[in-house]
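Here is a quick walk through this one, starting from a single side chain and then stepping back to the whole chain. Have the structure open as you read.

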Amino acid sequence: MEIKYKKSSGNLTVYVYGELDECSASKAKDILDKLIMDNLSSSHVVFDLSGLSFMDSTGIGLLIGRYKKLKQFNVPSYISGASVSTEKVIELAGLYKIMPKY
């Protein structure tokens, strides 16, 4: 699992690569929480999942947690680039209802 980011025009885009599962969630949480806290002035945050090869329910929980953290600071969050298999997990979990597609 690898996480990269790009700031552009007041927006933060977070790129997630590899697998987002129970083994990688703790490391991802630490990285994402630091990114969020360092970029609270962003007008919105987009989680680009185009580099994600696998995500399970732990990954869904991780994204929901980051959504809640951003919501505390009134920063909207979005999801983009999910593969077909990742999108199925996202849709089944109802994640697009709180983090729309970007």
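Tyr 67 sits in helix H2, which covers residues 57-72. Keep in mind that this is a predicted model. Is Tyr 67 buried or exposed? Its relative accessibility is 17%, and because the cut-off for buried is under 20%, Tyr 67 counts as buried.

So what does Tyr 67 touch, once you set aside its neighbours within four places in sequence? The answer is Ser 77, Ile 98 and Met 99. Take Ser 77: it is 10 residues from Tyr 67 along the chain, and the two C-alpha atoms are 6.3 Å apart.

Now zoom out. The protein chain is built from three helices and four strands, and they come in the order β-β-α-β-α-β-α along the sequence. Its radius of gyration is 12 Å, close to the 13 Å the globule rule gives for 102 residues, so the chain is as compact as a globular protein of that length.

A few whole-chain values, side by side:

| Property of the protein chain | Value |
|---|---|
| Span of the C-alpha trace along its principal axes | about 30 × 25 × 20 Å |
| Residues that count as buried | 43% of 102 residues |
| Exposed area | about 5600 Å² |
| Share of exposed area from carbon and sulfur atoms | 52% |

Contacts that reach far along the sequence show up too: of those with a separation of 6 or more, 69% are between residues 24 or more positions apart.

Last, the charges. The protein chain carries 13 positive and 11 negative side chains, and the centres of the two sets are 7 Å apart.

Key. Residues are numbered from 1 along each chain as its sequence is written. This is a predicted model: local features need pLDDT of at least 70, side-chain atom pairs count only at pLDDT 80 or more; totals for chains, interfaces and linings use all residues. Side-chain values use heavy atoms; hydrogens and water are left out. Helices (H or I, at least four residues) and strands (E, at least two) are DSSP runs, numbered from the N terminus. The radius of gyration is taken over C-alpha atoms; the globule rule is 2.2 Å times the number of residues to the power 0.38. Buried means under 20% relative accessible area, exposed over 50%, partly exposed in between (1.4 Å probe, protein chains only). Contact means heavy atoms within 4.5 Å. Accessible areas come from the Shrake-Rupley method with a 1.4 Å probe; for residues, only the protein chains shown count as cover. Lys and Arg count as positive and Asp and Glu as negative; His and the chain ends are not counted. The place of a charge is taken as NZ of Lys, CZ of Arg, CG of Asp or CD of Glu.
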